[in-house]
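Colleague: I have some labels to challenge. Show me the model, and I will ask where each one comes from.

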Amino acid sequence: MALVKYCNRAGCRELVPLGVKYCKAHTLVKAAEDKERHKAYDMYHRNQEAKAFYNSTEWQYVREAVLARDNHIDIYLYITEGRAVPASTVHHITELSEDYAKRCDMDNLVSVSEATHSMIGKAYNDSRRKKNMQDILRECLREYKKRLALVGV
């Protein structure tokens, strides 16, 4: 017998396979709620200039170039912990809202994993830690480029 658990919806007693969050009924409800929440966020909160940029061909090319430059590894973890973790995200060290002109500056972009990106986002939300995190990311990028130059890449 497969392992099962209760649906994540509060009060629902429907059993679902382990690894599945919601029963069939609540999967549809959750999707509809998420769609409404995203629609409201887009309308009232999201920076439309940034959204247009992230949907652009320009960003897709720059993003791929940064991932290739960084060999698709999380530069922060590689430099700080010596671990080679696959990168799936390209992070702006200086955010678009701070300096839109740096949006495609390769020296302002660093490849990171989703977990590292979340950790960086938490640091950026604290004004006291943001500047320090930006300095660390710039130093990680400098160190990575220095190591690449040493091996002749």
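Modeller: Start with the surface. This is a predicted model, and the protein exposes about 10,200 Å². Carbon and sulfur atoms supply 55% of that area.

Colleague: How much of the protein counts as buried, and what makes a residue buried?

Modeller: A residue is buried when its relative accessible area is under 20%. Of the 153 residues, 33% count as buried.

Colleague: Why is Glu 139 called partly exposed?

Modeller: Its relative accessible area is 39%. Buried means under 20% and exposed means over 50%. The value for Glu 139 lies in between, so the label is partly exposed.

Colleague: Where is Glu 139 found?

Modeller: Glu 139 is in helix α6. Glu 139 and Ile 79 are 60 residues apart in sequence, yet their C-alpha atoms are 9.2 Å apart in space.

Colleague: How do you know that the protein is more spread out than a compact globule?

Modeller: The radius of gyration is 20 Å. The globule rule gives 15 Å for 153 residues. The value is well over the rule, so the protein is more spread out than a compact globule. The C-alpha atoms fill a box of roughly 60 × 40 × 35 Å along the principal axes.

Colleague: What secondary structure does the protein have?

Modeller: There are 6 helices and 4 strands. Along the sequence the pattern reads β-β-α-α-α-α-β-β-α-α.

Colleague: What share of the contacts comes from residues 24 or more positions apart?

Modeller: They account for 52% of the contacts with a separation of 6 or more.

Colleague: What makes a set of residues a nonpolar core?

Modeller: The members must be buried, of the listed nonpolar kinds, and joined through side-chain atoms within 4.5 Å. The largest such core here has 17 residues. Ile 75, Val 110, Met 133 and Leu 137 touch the most other members.

Colleague: Which elements give two or more residues to this core?

Modeller: They are α4 (75-81), β4 (109-112), α5 (114-124) and α6 (127-150). Helix α6 gives the most, with 6 residues.

Colleague: What is Ile 75 in contact with, beyond its neighbours within four places in sequence?

Modeller: Ile 75 is in contact with Asp 70, Val 110, Ser 111, Cys 140, Leu 141 and Tyr 144. Apart from the largest core lies another, of 10 residues, including Leu 67, Ala 87, Val 90 and Leu 109.

Colleague: And the charges?

Modeller: The protein has 26 positive and 21 negative side chains. The centres of the two sets lie 5 Å apart.

Technical notes. Residues numbered from 1 in each chain as written. Predicted model: local features only at pLDDT ≥ 70, side-chain atom pairs only at ≥ 80, totals over all residues. Heavy atoms only, no water. Buried < 20%, exposed > 50% of the residue type's maximum accessible area, 1.4 Å probe, protein only. Contact = heavy atoms within 4.5 Å. Rg over C-alpha atoms; globule rule 2.2 N^0.38 Å. Areas by Shrake-Rupley, 256 points an atom, 1.4 Å probe, with all protein chains shown as cover. Lys, Arg positive; Asp, Glu negative; His and termini not counted. Charge placed at Lys NZ, Arg CZ, Asp CG, Glu CD.
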